[in-house]
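Got a few minutes for some practice at reading a fold? Open the structure and try each task yourself before you look at the solution.

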Amino acid sequence: MTQPILLRGGRVVDPSRKIDAQQDVLLAAGLIEACGRGLAAPDGARVLDCAGMIVSPGFIDVHCHLREPGREDVETVATGARAAAAGGFTAVCAMPNTDPVTDNQAAVGFIIRQAQRAKAARVHPIGAISLGQRGEALAEFGEMIGAGAVAVSDDGRPVASAQLMRTALEYARTFNIPVIDHCEEPTLSHGGAMNEGIVSARLGLKGIPSEAEEIMVIRDILLARRTKGHVHLAHMSTVGSVELIRWGKERGINVTAEVCPHHLTLTEDRVGAYDTNAKMNPPLRTAADVAALRDAVADGTIDLIATDHAPHHYDEKEQEFANAPNGIVGLETALAVVHTKLVAGGVLDYPRLVERMSCAPARVFHLPGGTLERGAVADVTVFDPRAEWTVDPAAFLSKGRNTPYAGEKLHGRAIFTIVDGEIVYTMPNTTR
């Protein structure tokens with residue numbers, strides 16, 4: 001029997017119920033039992049002093065790469081789930097670009113079993129759109145969903161065939177799941193290592209134009225209009241993509257979108273002296289793109305914030321910029337980066353932070369959590385907005401160390417991460 005937990009006196013921020021007030025939260029039997037002022041602790045309950053803390057529905061990351069099976073040397077389901085919990089995430093969605101690709105029910109079941117053994121954040125597998133992510137034939141959606149997949153995507157690779165994307169949207173609609181697309185027109189982006197512009201010209205690197213993303217964004221929106229399927233656009237990076245998403249939403253098309261903390265806070269200038277920890281796909285863009293993305297996440301044009309957590313081995317990143325793999329880790333820095341740069345910077349308030357990192361991910365992907373309503377799963381994040389810390393990749397629970405935020409001083413940190421009413425992460429040296 002799970003020990004009841006009473007979270008005493010925190011600032012409860014729950015946009016799903018329009019709550020932003022000092023309250024207590026009682027968890028029992030894996031569920032939210034009650035929220036309110038002056039709740040009594042039941043016999044045997046653990047009482048946690050949350051004064052000065054933000055208590056919210058648990059954060060959910062709909063886009064991360066856990067590398068298992070195939071690259072257990074850079075991440076496993078277990079290490080990724082623990083890193084997620086340390087970052088305040090109670091659940092994550094694992095992309096299918098593993099080796100072998102997660103494109104069948106057995107592969108989905110394997111990830112779920114690995115996550116259950118880890119006893120950390122929940123892990124929801126995402127199945128591949130196409131067999132082997134080769135972009136040729138659809139994977140069997142029904143079998144993967146039956147085994148526990150919550151969405152489909154060929155992330156890491158764009159779906160180049162418009163006909164395949166159309167069929168995927170039609171097929172996924174029958175299961176009421178989103179089709180996540182990595183928006184990249186491959187003939188435009190081929191060989192590119194960073195954003196195409198003045199900086200790429202100065203550094204002598206082949207660039208990726210913003211149109212490589214935007215062409216696929218409008219294609220997917222138009223296909224969603226045709227099929228009435230749900231397309232979810234991953235890791236948006238350009239002002240043009242924002243305008244196209246806004247156009248689609250204004251017309252009632254079933255399109256949702258995400259943005260990553262790095263695209264909200266860094267520009268192409270971060271590539272600097274060929275720093276491979278600033279190499280990602282889509283690439284870091286311009287200051288105008290960052291400003292547009294910030295406006296879009298503030299006004300809801302972009303629905304949610306996702307990490308695109310992508311661990312790589314140290315040696316893989318320590319090579320010539322053009323040859324280094326794309327991606328950075330993000331599970332353990334996302335909350336603090338967003339809090340420091342966007343909340344303290346006046347772009348988001350706390351309710352919108354929680355909406356973009358918890359409520360919206362749960363709603364868009366039909367996942368448990370995202371609310372502190374009585375009877376909901378007891379997935380809760382308690383974070384200290386005043387906690388100041390310096391990013392030290394060596395201290396990450398993830399096996400990945402590839403981050404552009406190393407050495408940065410940030411504010412905000414998860415103190416307790418609670419899944420199913422059990423504490424799966426406590427920040428070291430916490431005495432509450």
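Below are three exercises on strands and helices in this predicted model.

**Exercise 1. Find the strands that pair with S1, and say which way each pair runs.**

Solution, step by step:

1. Start with S1 itself, residues 5-14. Eight of its 10 residues are buried, so it's mostly covered, given that buried means under 20% relative accessible area.
2. Next, look at S2, residues 19-28. S1 and S2 are antiparallel and share eight bridges. To check one, pick Gly-10: its bridge partner in S2 is Gln-23.
3. Follow the chain between S1 and S2: this hairpin has four residues between its strands. One residue to look at here is Lys-18, with a positive phi near 55 degrees.
4. Now try S4, residues 46-49, which is parallel to S1 and pairs with it over four bridges. Here Leu-7 has Leu-48 as its bridge partner.
5. Finish with S5, residues 54-57, also joined to S1 in the parallel sense, by two bridges. Val-12 finds its partner in Val-55.

**Exercise 2. Work out how H4 and H7 are oriented: roughly parallel, roughly antiparallel, roughly perpendicular or oblique?**

Solution, step by step:

1. Locate H4 at residues 162-173 and H7 at residues 211-227.
2. Take the geometry: the axes lie 10 Å apart, at an angle of about 45 degrees.
3. Compare that angle with the cut-offs: under 35 degrees would be roughly parallel, and 65 to 115 roughly perpendicular. The angle fits neither, so H4 and H7 are oblique to each other.
4. Add the handedness: H4 crosses H7 in the right-handed sense.
5. List the residues that touch. H4 brings Ala-162, Met-165, Arg-166, Leu-169, Glu-170 and Arg-173, while H7 offers Arg-219, Asp-220, Leu-223, Ala-224, Arg-226 and Thr-227. Sorted by class, this contact has six charged, five nonpolar and one polar residue.

**Exercise 3. Trace the open sheet of five strands, name its edges, and find where H8 packs on it.**

Solution, step by step:

1. Read off the order, S9-S10-S13-S14-S15, with parallel pairing.
2. Look for strands that pair on one side only: these are S9 (152-153) and S15 (304-305), the edge strands.
3. Zoom in on the S15 edge. S14, residues 255-259, is joined to S15 by two bridges, and Val-259 stands opposite Ile-305.
4. Then bring in H8, residues 239-250, which packs on the sheet and touches S13 (231-233) and S14. The directions of H8 and S14 make an angle of about 150 degrees.

How values were computed. Residues are numbered from 1 along each chain as its sequence is written. This is a predicted model: local features need pLDDT of at least 70, side-chain atom pairs count only at pLDDT 80 or more; totals for chains, interfaces and linings use all residues. Side-chain values use heavy atoms; hydrogens and water are left out. Buried means under 20% relative accessible area, exposed over 50%, partly exposed in between (1.4 Å probe, protein chains only). Two strands pair if DSSP finds at least two bridges between them. Axes are lines fitted to C-alpha atoms, for helices over the stretch in contact, and angles run from 0 to 180 degrees between N-to-C directions. Angles under 35 degrees count as roughly parallel, over 145 as roughly antiparallel, 65 to 115 as roughly perpendicular and the rest as oblique. A crossing is left-handed if the near helix is turned anticlockwise from the far one by less than a right angle, and right-handed if clockwise. Contact means heavy atoms within 4.5 Å. Ala, Val, Leu, Ile, Met, Phe, Trp, Tyr, Cys and Pro count as nonpolar, Asp, Glu, Lys and Arg as charged, and the others, Gly among them, as polar.
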